[in-house]
Amino acid sequence: MTVLHQPRHKNKTLAALLAFLLGGLGAQRLYLRGWRDPWLWAHLACLPAAWLVAQLAPQADGFYKLLPIIVSGLVGFLEALIIGVTPDDKWDARHNADSGRQSNTHWPVAVVLVASMMIGAGGLIATLSRLFDLIYTGGAYG
């Protein structure tokens, strides 16, 4: 007796929401590709990298200690945008080829896209501003 295993359907809105909320830790990568995804491990590597920076440079500004986590979070917002704007037919071809179902996303993914754009762009601007402040003025403005 053979048991046929049908792959589960990957929801685009859920993947974009995971990228928006927990993208810095790679939750969307785990949902879409599982534990074998190398980019999941790159996201998770931000935690020991931040710890290593804190241990090697305890006198450094806290921004530098958190920079690996901040960069991973910004990449998560970018991934939320990429997931959200992917057309449903391309999404299904890539992630749901054998699921037997078709994706039909509606307005919730647009809300995730708007929130990702607002918070991601604001976070990127703030990160670059603080980084340039620390590099060029030694933190004179904050």
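This is a quick walk through the helices and one surface patch of the model above. It's a predicted model, where local features need pLDDT of at least 70, side-chain atom pairs count only at pLDDT 80 or more, and totals for chains, interfaces and linings use all residues. Residues are numbered from 1 along each chain as its sequence is written, and side-chain values use heavy atoms, with hydrogens and water left out.

Okay, helix 6, residues 88-95 (helices are DSSP runs of H or I, at least four residues, numbered from the N terminus). Which residues are buried in helix 6? D88, W91, D92 and H95, where buried means under 20% relative accessible area with a 1.4 Å probe, protein chains only. Seen down the helix 6 axis, the buried residues fall within an arc of 95°, so they line one face; that arc is taken from the directions from the helix axis to the C-beta atoms. An α-helix has 3.6 residues a turn, so residues three or four places apart point the same way. Turned away from that side are D89, K90, A93 and R94, which are exposed, meaning over 50%. Helix 1, helix 2 and helix 5 are among what covers the buried residues, by contact, so heavy atoms within 4.5 Å.

Now the membrane question. An unreviewed UniProt entry lists residues 66-86 and 106-128 as "transmembrane region", and such annotations may be inferred rather than shown by experiment. In the model, residues 66-86 are 95% helix and 0% strand, with end C-alpha atoms 31 Å apart. For residues 106-128 we get 96% helix, 0% strand and 34 Å.

Conventions: Helix = DSSP H or I, 4+ residues; strand = E, 2+ residues; numbered from the N terminus.
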